[in-house]
Amino acid sequence: MKKAFTLIELLVVIAIIAILAAILFPVFAQAKAAAKKATCLSNVRQLNNVWLMYANDYDDRWVTTGKRYDAQDMGAANGGNANDFFKIAQPYVKNWDIFYCPERNAIEEGSSNSANGRLFGYGMNYGPYHNRAGFGLFHLSTNYSIGDQWYGQRHYFPGRNHSEFVTPAQMLALIDTGDDPQYTNSPYNMCEAGSNSEADCESHIRHGGRYNVAFVDGHASNWQMKSYSDDPAGSDSHSWLLEPSNGELMLSECYDPEARIEGSFDPASDSDIAGLEGSMSCRDTVANAIATHVPYKK
């Protein structure tokens, strides 16, 4: 008489396998997400070291980034803008992979992208709110500096000297970003390119909301991020923001918390900046953002 499994026994085995799979698959997914986050943190730390080496070669001055959005911009097919950070970094890194966050795989043809059109994962610190105000690693954008030779034509963000950073150990340098094409930490730009709604923006938050960050003294960490709805500039144009859940961390985005906007700014060029940073110190800008934001709800 041949022995064989009964139908009941087979069903029991299948049920046990299904139960084990249901238990283990989420664990595997979490392990995979943790590995991606660790890779991302390593990328952020290494890129930060690149810019520290660059500054060491250029009299302790942070890199000047160039942004150009006209017909001569080169575009994604040709590797992006020749004056942007990822091009300038190549003598130090000699590869593209380090610029990609493993959890950001969107591809978009446009300005300042990589050769294959994939969006980079990391942005530099341009200040706690508007990326052109000059409160972060960079001086005021030349595009908004009256009298500058590039005024009204293109953006150059002149890097600040490290001696200007009041607290280097707390001064943010790099962060995970959803911005394109400028790749900044600006909270209203922290949305996946191509997203057409605030709800869609929130769906693209990476790493379980813990974004990797690095500082100008060389160390790296991560911040718990949170989506907010606020409009501190009174413009109704920046209603969805991604900011640190601990708002006080935004002070780390000020090269000097007491700094005020440089005098060459043209308030007619950007009413948002004129309405906020144009009349407040960096510290007051942060305080205003914290006071006016509310948790975002779909």
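The torsion about the S-S bond of C191 and C201 is about -85 degrees, so this disulfide is left-handed. I begin with that bond, and I should say at once that the model before us is predicted. A disulfide, in general, is a covalent bond between the sulfur atoms of two cysteines.

Where do C191 and C201 lie in the chain? C191 sits in the loop between β4 (172–176) and α4 (198–202), while C201 belongs to helix α4 itself, so the pair ties together parts that are ten residues apart in sequence. The distance from sulfur to sulfur is 1.8 Å in this link. Both cysteines, C191 and C201, are buried.

How many disulfides does a search of the whole structure find? The search finds two. The other one I wish to describe joins C254 to C282, with an S to S distance of 2.1 Å. This link is left-handed, with -85 degrees about its S-S bond. It connects distant parts of the chain: C254 is in the loop between β7 (241–244) and α5 (271–275), C282 is in helix α6 (residues 282–292), and the two are 28 residues apart.

Are C254 and C282 buried or exposed? C254 has a relative accessibility of 4% and therefore counts as buried. For C282 the relative accessible area is 0%, so this residue is buried as well. If we number the bonded cysteines of the protein chain in sequence order, the pairing reads 1-2, 3-4.

Let us now consider two cysteines that require some care, C40 and C101. Why is there no bond between C40 and C101? The closest cysteine sulfur to that of C40 is in C101, but it is 3.8 Å away, which is too far for a bond. The cut-off used here asks for sulfur atoms within 2.5 Å. Seen from the other side, the closest cysteine sulfur to that of C101 is the one in C40. C40 is buried, with a relative accessible area of 0%, and C101 also counts as buried, at 0% relative accessibility.

I return to helix α6, where we have already met C282. Which residues of α6 are buried? They are C282, T285, V286, N288 and A289. Viewed down the axis of α6, these buried residues fall within an arc of 160 degrees, so they line one face of the helix. A general rule is helpful here: an α-helix has 3.6 residues a turn, so residues three or four places apart point the same way. As for what lies against them, the buried residues of α6 pack against β7.

Another buried position is S186, in the loop between β4 and α4. That is the loop in which C191 is found. S186 has a relative accessible area of 0%, and therefore it is buried. Which residues does S186 touch, leaving aside those up to four places away in sequence? The contacts are with Y129, H130 and N131.

Finally, let us turn to the surface. A nonpolar patch is formed there by L7, I8, L11, V12, I14, I16, I19, L20 and I23, which together have about 900 Å² of accessible area. I16, one of these residues, is placed in helix α1 (residues 7–57). With 45% relative accessibility, I16 counts as partly exposed, because the partly exposed class lies between 20% and 50%.

To close, the two points I would ask you to remember are the two disulfides and the nonpolar patch on the surface.

Notes. Residues are numbered from 1 along each chain as its sequence is written. This is a predicted model: local features need pLDDT of at least 70, side-chain atom pairs count only at pLDDT 80 or more; totals for chains, interfaces and linings use all residues. Side-chain values use heavy atoms; hydrogens and water are left out. Helices (H or I, at least four residues) and strands (E, at least two) are DSSP runs, numbered from the N terminus. Buried means under 20% relative accessible area, exposed over 50%, partly exposed in between (1.4 Å probe, protein chains only). Patches are made of residues with over 30% relative accessible area and no salt bridge: like charges are joined within 9 Å, nonpolar side chains (Val, Leu, Ile, Met, Phe, Trp, Tyr) within 5 Å. Accessible areas come from the Shrake-Rupley method with a 1.4 Å probe; for residues, only the protein chains shown count as cover. A salt bridge is a side-chain nitrogen of Lys or Arg within 4 Å of a carboxyl oxygen of Asp or Glu. Contact means heavy atoms within 4.5 Å. The arc is that of the directions from the helix axis to the C-beta atoms.
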